[in-house]
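Me: Hi! I've just opened this one and would like to go through it with you. Can we start with a side chain that caught my eye?

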Amino acid sequence: MPKNSKVVKREIDDDVIESVKDLLSNEDSVEDAFKKSELSVDDQDKDVDIEEGSDVEDERPAWNSKLQYILAQVGFSVGLGNVWRFPYLCQKNGGGAYLVPYLILLLVIGIPLFFLELSVGQRIRRGSIGVWNYISPKLGGIGFASCVVCYFVALYYNVIIGWSLFYFSQSFQHPLPWDQCPLVKNSSHPFVEPECEKSSATTYYWYREALNISNSISESGGLNWKMTICLLAAWVMVCLAMIKGIQSSGKIMYFSSLFPYVVLICFLIRGLLLNGSLDGIRHMFTPKLEIMLEPKVWREAAAQVFFALGLGFGGVIAFSSYNKRDNNCHFDAVLVSFINFFTSVLATLVVFAVLGFKANIINEKCIIQNSEKIVKLLEVGNVSWAVIPPHINFVNITAEDYNLAYDMIKKVKEGEFSALGLKPCLIEEELDKAIQGTGLAFIAFTEAMTHFPASPFWSVMFFLMLVNLGLGSMFGTIEGITTPIVDTFKVRKEILTVVCCLLAFCIGLIFVQRSGNYFVTMFDDYSATLPLLIVVILENIAVSYVYGIDKFMEDLKDMLGFSPNPYYYYMWKYISPVVLLSLLVASIVQMILSPPGYSAWIENKATEEFQSYPKWGLIVCISLIVFALLPVPIVFLIRRFNLIDDSSGSLAAVSYKRGRIIKEPVNLEGDDTSLIHGKSPSEVPSPSFGKKIYRKQTGSPTMDTAPNGRYGIGYIMTNMSDMPESDL
C-alpha cells in the first residue's frame, strides 16, 4: 500500500455498492482517479479509447498467435486468382516483362492501401461498418457496400469450391474419368461420343458430365443435382469453420493456408522432371518488352494487384480488428503482400511447367499425324523424295526434322501447299494459347494430369489444393460480412453465420442450374470490379481528406511506436487516389467498349461461341453494380439531412465514438453531466477508480443505469456534496 494513502473507516448507507476490486481501487489517490476518469470520458485523441477496459473490449476475440493471424491474412489474399489468373496475365502481357509493372503497382497502390486497411481495422477494432462510421458517419455506407460486395462474391466463389469438390471426389479412380472419350453403344457397334470427338475428353467431361451445361443463359435446364450436393457440402464446410468466428477458423488456417504451398512445391518438383517442362518455363519468362509499354498491360496489372490483396472486401479490416493495438501492422502489410506475389510466381512456374509438358505431348501427336500425311504424299507422287533431306527418318522423326521437311515442302510447293493439308507443329504456338480461369483448372490442367504417372494421386492433390485456396479466401470473405454486422447490431455470431450461409446456399441454386456457369461469369464480371474500385477510392479519400492524413499519421505513430515512412503520406494523399481514379476510368471505358456477353457452349458444334446477354440479363448486370454501391449515397443522405427521426432509434440516430455505438441524446435538459460531455446519462462511462465505484442518487428510484447495468459517474457526482474528497 502506498505511503501516502489513508484508509478512512466510516459508516455509509446500504446504497453504496462495493467489491473487493473496489476496495483495492481506493488505494489510488483522488488526483489519479480523476485523471483516469477524464481519460475515459473526454480524451478522444489519445490511444485510450472509450471502449478500452470495458466489458465490450474484454469480450472481443483475439488471435491465439501472430502466426495464426498472418496465415489468416495470407489465406484470404492468396486464392484461386493466384493459380489461374496471374499465369494467364503473365503469359498474355509480355511474359517475364509483366513482372515489372506488377511490382511497380504493388508498391504504389498495393502495399499502401493494404497497410491502410490493416491500420484502420487494428486502430478502431471494428469491422468495416464500424470503422467507416468512426471515420465519418456520413461515409458509413462504405462499410455496408463492402458487405454487399462480399456477399455477391461469396455466392459464386463457393460454387467454384463446389466444382473442385466434385472433381476431388471423382479423382479416386484409375484411369481418371476424363482420360478417354466415352463410347456410345447402338445396335450395330459402339462409337465415340461425337461431341467428345469434336472437342477433347477433358473438355467434354467438364461441360457435359460435370456442368451438363445448356446452350444459353436463357435455357435454365433445371438443377444439376451433383453440383447442388457439392455446393451444399461447400457451404456446410464454411459454416462449420466460421460459426465461432476466428476462434474456429483460426485453427483451420494452419492447414488451409499451408497445404497449398506443399502441393505447389510438390507439383513444381514433379513438373520439372517431365519432358518439355523447361520449354514452358522458358516461354513463360521470355520477356516481350514491346508489350510492356501498352496501357492495357498496366491496367490489367493494377487490377490484379488490387484484387489479389482483397482490398475493399472488408475481410482485411475484419481480421486486423482482432489484433492488439500495438501490433506492427506495417510489417504485416509488407510481409503478406510479398508472400502473395511470390505465391503467384510459384504458381506460374507450376502452371507453365505442366503446360509445357502438355504442349510437348500435343506437339508429338501433331508431328506423328502430319508425318503420316507426308509419307502418303510421297507414295502417291504428290511430293518428290528429292525434296526431303536424306537423313530424315519418318518412322522415328524428331521435331527438328519434321519442321525441316515441312519448310522444304512449303518452299517447293508454294502455290499448292495449302491443298496438302499439312500443319506446322510448334510448341510455341500451343503455349501461346492463352488459358485462364476454369478453362485452366478444369480442362488444361486435368488433361495434363492424365499423362502423369500415378495420375489419380496428383489429381487428388491438385483439387484438394483448390478447395483449400478457395476456403481460405471464403473465410476472409464471410468474416468481412459477419464481423461488421455483429459489431454494429450486436447479434449472436453463431446465429448470423448459420443464417448467412443458409441464405447464400438458397440463392446459390441459381449457379447450379444447367445454365449456372453463365451466371458465375456474369457475377464475376459485374458484381465486384467497379463496386470494389469505388469502395477503395472512397476509403482512401475518407482517411486522407475527411479524417485527415496528418491526424492519421499521428494515430499510426501513437499505435505503432514509430513514425511510418513519409512515402505512405504521399502515396495516400496524392499518388494512390490518382492511380485508382485512372484505373476506374479505364475499367469503365473497357466495360463500355466490350459488348456485355458470355461464352456459351454449343452442343452440336462442341465449341464455345460468344453470345450477348438478353435484355433481362443486362438489367441483372446493371442491378449488381447499383445494389452494391447503393448503401453509400443512401447512408450519406440519411445522415446529411437527418431524414430519419433521431428519436426513432434507427440508423440515422446512431453515432460512433471510438468504435462504440451510442444513441444521440434527445433531451439534454436537466443533466449537468450531459451538458458538459454531450452525452445522455446512460452513455457516460464509469469512472476509472482502479475499476468502478457506483453510488445511487438518493430519492431516485426510477433512475436509468449505465450500459453495463450499474450507475454511471454522472449520478455519483450530483449527490456527493456530503462526502469528503478523501473518501472517494
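Me: With which side chain does the side chain of R208 make a polar contact?
Reply: With that of E195, at 3.1 Å. Keep in mind as we go that this is a predicted model.

Me: Which backbone oxygen lies 3.0 Å from a polar atom of the R208 side chain?
Reply: That would be the backbone oxygen of I213.

Me: And where is R208 found?
Reply: R208 sits in helix α11, which covers residues 201-210.

Me: Why does R208 count as buried?
Reply: Because its relative accessibility is 11%, and the cut-off for buried is under 20%.

Me: Leaving aside neighbours within four places in sequence, what is R208 in contact with?
Reply: E195 and I213 again, plus R514, W601 and E603.

Me: New topic: the nonpolar core. How many residues does the largest one have?
Reply: It has 180 residues, and W132, W235 and F267 are those with the most contacts inside it. Helix α9 (residues 141-170) gives the most to this core, with 18 residues.

Me: Is there another core apart from it, and how many residues are in it?
Reply: Another core, of 19 residues, lies apart from it; V383, I388, I392 and I409 are among them.

Me: Back to F267, what does it touch?
Reply: Not counting residues up to four places away in sequence, F267 touches V350, F445, M449, F452, W458, M461 and F462.

Me: F452 is on that list. Which residue lies over the face of F452?
Reply: R270 does, at 6.0 Å from the ring centre. Elsewhere, R640 lies over the face of F641, at 5.1 Å from the ring centre.

Me: Staying with rings, how many aromatic pairs are there in the whole structure?
Reply: A search finds 54. One of the pairs is F552 with W572, which is edge-to-face, with 5.5 Å centre to centre and 65° between the planes. F552 belongs to helix α26 (residues 529-560) and W572 to helix α27 (residues 566-593), so the pair links distant parts of the chain, 20 residues apart.

Me: Are F552 and W572 buried or exposed?
Reply: Both F552 and W572 are buried.

Me: Last thing, what is the mean pLDDT of the chain?
Reply: The mean is 79, and 79% of the residues reach 70 or more.

Me: Where does pLDDT stay under 50?
Reply: Over residues 1-58, for which the model has 88 contacts beyond four places in sequence. Residues 646-728 are also below 50, and that stretch has 159 contacts in the model beyond near neighbours in sequence. Where pLDDT is low, the predicted coordinates should not be read in detail.

Terms used. Residues numbered from 1 in each chain as written. Predicted model: local features only at pLDDT ≥ 70, side-chain atom pairs only at ≥ 80, totals over all residues. Heavy atoms only, no water. Core = buried A, V, L, I, M, F, W, Y, C linked by side-chain atoms within 4.5 Å. Buried < 20%, exposed > 50% of the residue type's maximum accessible area, 1.4 Å probe, protein only. Helix = DSSP H or I, 4+ residues; strand = E, 2+ residues; numbered from the N terminus. Contact = heavy atoms within 4.5 Å. Phe/Tyr/Trp six-rings, centres within 6.5 Å; stacked < 30°, edge-to-face > 60°. Lys NZ or Arg CZ within 6 Å of the ring centre and 35° of its normal. pLDDT = per-residue confidence, 0-100. Polar contact = N/O pair within 3.5 Å; in protein donor to acceptor, adjacent residues only side chain to side chain.
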